[in-house]
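Me: I want to learn how to read strands, ring pairs and salt bridges in a model. Can we go through them one at a time?

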Amino acid sequence: RHFAHLIDYDFTATMEEALDAVARGEGEAEKWLDSFYFGNGQAGLRELVSDERLAQIDMAEVNSVHVGVDAQGNALTVRVWPNGARIERGDEKAPIPVDLAPDELTPAKAEELLARGGGGPRDLGADPASGLTVLVLTGRFGPFVQLGEQEPGSKDKPPRASLFASMEPDTVTLEEALQLLSLPRVVGVDTDGEEITAQNGRYGPYIKKGTDSRSLGAEDQLFSVSLPEAQAIFAQPKQRRGRVAKPPIADLGAHPESGAPVRVLDGRFGPYITDGTTNATVPRGLQPEAVTLAEAVDLLAERAARGPTAKKSTAKKTTAKKSTAKKATAKKSTAKKTTAKKAPAKRATRKATTPPAPGSAPGS
């Protein structure tokens, strides 16, 4: 209704003809674009998308799909919003399931949804800190909680958080919703000064430190994982997506000094002991399952005393190789130049000292 001539089939056909003419060199692209933007006898794009014209468009009306009337003759209307779609009948509202397209909604199905209802977005109450209403909604990617309502036509989305798999939209509480909205949670600061956070993402719960991230086993860990536990997780070799992390060989308990959990893990290069900060290889002859906490603490102390493993530097070797290569190239280049300079002299000498063959003419 508001951009009728732009979505008309005749406009598309005319545009293709004009662009073909430009491609053949029979038309000018700038003139056509000027006419399209500023208009030529009718409203151009500039006028159609002006603030004054857009302000006249009722977003609620544009986002409405009329699906018919119920048995009593009441209008049934689907409203499509960024939060998802819902069916409305007067003041009654109910969310539409994600797998049901709004234009496939029959009046009978609409009445069923309204009866089951839920009254659209569920109001959990007010956030004590901001005073904004906390809502439960169902969107394209499933149910979620939201702090405050989104203004129609606004691109700025209110704070949102997906529900855990163990939660149901009909039973989630205000406290649980506020907990979800508090994510990401700062777990603590690692020994290297990097902040560790717990977050819920598209592929499930995880912890993050700088650019490094590790998956958590369960969503509940987002609120319970401690700094020592997070450090222990980062100390383990990173698993590729889809690969299940190996369970610890043994949980030995808390470190007597730091309180960090001490574990025996199965790593890429064999079993090792870790407290989240230091990793110590299990010595040969010692069964990983039989390591005691006291033995583990001693091995960790010995490993920490040796300091970090020095990395072999290849810079000097590389530089040396490059330097040698440059010298060799330089020698070859010099040799070629020398040979090139000497060659004419040798040819001249041969011509001067070699006598002509008997009976031949000079210079033949």
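Reply: F223 has a relative accessibility of 22%, so it counts as partly exposed, the buried class ending at 20%. Keep in mind that this is a predicted model.

Me: Let us start with strands. How many bridges join β9 to β10, and do they run parallel or antiparallel?

Reply: A general idea comes before the case. In a regular strand the side chains alternate between the two faces of the sheet. Here, β9 covers residues 185-189 and β10 covers residues 195-201. The two run antiparallel, joined by 4 bridges. For one partner pair, take R185, which is bridged to A198 in β10.

Me: What lies between β9 and β10?

Reply: The two strands form a hairpin, with 5 residues between them. Look at G193 in the turn: its phi is positive, about 90°.

Me: Which strand pairs with β10 through 6 bridges?

Reply: That is β11, residues 204-209. β10 and β11 run antiparallel. N200 has its bridge partner in β11, namely P205. The connection is again a hairpin, this one through 2 residues.

Me: Which elements do the buried residues of α9 pack against?

Reply: Begin with the helix. α9 spans residues 227-235, and its buried residues are A230, Q231, A232, I233, F234 and A235. They pack against β9, β10 and β11. Their contacts also include β12 (212-215), β15 (270-274) and β16 (279-281).

Me: Which charged residue lies over the face of F234?

Reply: K209 does, at 5.3 Å from the ring centre.

Me: What partner does K209 meet in a salt bridge?

Reply: D190, with N and O at 2.8 Å. K209 lies in strand β11 and D190 in the loop between β9 and β10, so the salt bridge ties together parts that are 19 residues apart in sequence.

Me: Are K209 and D190 buried or exposed?

Reply: Both side chains belong to the buried class. K209 has 16% relative accessibility. D190 has a relative accessible area of 12%.

Me: Which residues are joined into one network by salt bridges that share partners?

Reply: D70, R89, E92 and E111.

Me: How many salt bridges does the structure hold?

Reply: The count is 13. One of them joins the side chains of R1 and E61, at 3.4 Å from N to O. R1 sits in the segment before α1 (9-23), and E61 sits in helix α5 (residues 59-62), so this pair ties together parts 60 residues apart in sequence. R1 is exposed, with a relative accessible area of 72%. E61 is partly exposed, at 44% relative accessibility.

Me: How far apart in helix α6 are K109 and E112?

Reply: They are 3 residues apart in α6 (residues 107-116), which means a separation of about one helical turn. K109 and E112 form a salt bridge, the closest N and O atoms being 3.5 Å apart. Both are partly exposed: K109 has a relative accessible area of 28%, and E112 has 40% relative accessibility.

Me: Now the rings. What describes a pair of aromatic rings?

Reply: Two values do: the distance of the centres and the angle of the planes. In this model the count comes to 4 aromatic pairs. Take Y37 and F38: their centres are 4.9 Å apart and their planes are at 85°, an edge-to-face pair. Y37 is partly exposed, with a relative accessible area of 38%. F38 is partly exposed too, with 48%.

Me: Why is the pair of F164 and F223 tilted?

Reply: The planes of F164 and F223 meet at 35°, so the pair is tilted, the tilted range running between the 30 and 60 degree cut-offs. The ring centres are 5.8 Å apart. This pair links distant parts of the chain, 59 residues apart. F164 is in the loop between β8 (160-162) and α7 (174-181), while F223 is in helix α8 (residues 221-224).

Me: Is F164 buried or exposed?

Reply: F164 is buried, at 3% relative accessibility. Its partner F223 is partly exposed, at 22%.

Me: Which residues form one aromatic cluster?

Reply: F11, W32 and F36.

Notes:
Residues numbered from 1 in each chain as written. Predicted model: local features only at pLDDT ≥ 70, side-chain atom pairs only at ≥ 80, totals over all residues. Heavy atoms only, no water. Pairing = 2+ DSSP bridges. Buried < 20%, exposed > 50% of the residue type's maximum accessible area, 1.4 Å probe, protein only. Contact = heavy atoms within 4.5 Å. Phe/Tyr/Trp six-rings, centres within 6.5 Å; stacked < 30°, edge-to-face > 60°. Lys NZ or Arg CZ within 6 Å of the ring centre and 35° of its normal. Salt bridge = Lys/Arg side-chain N within 4 Å of Asp/Glu carboxyl O.
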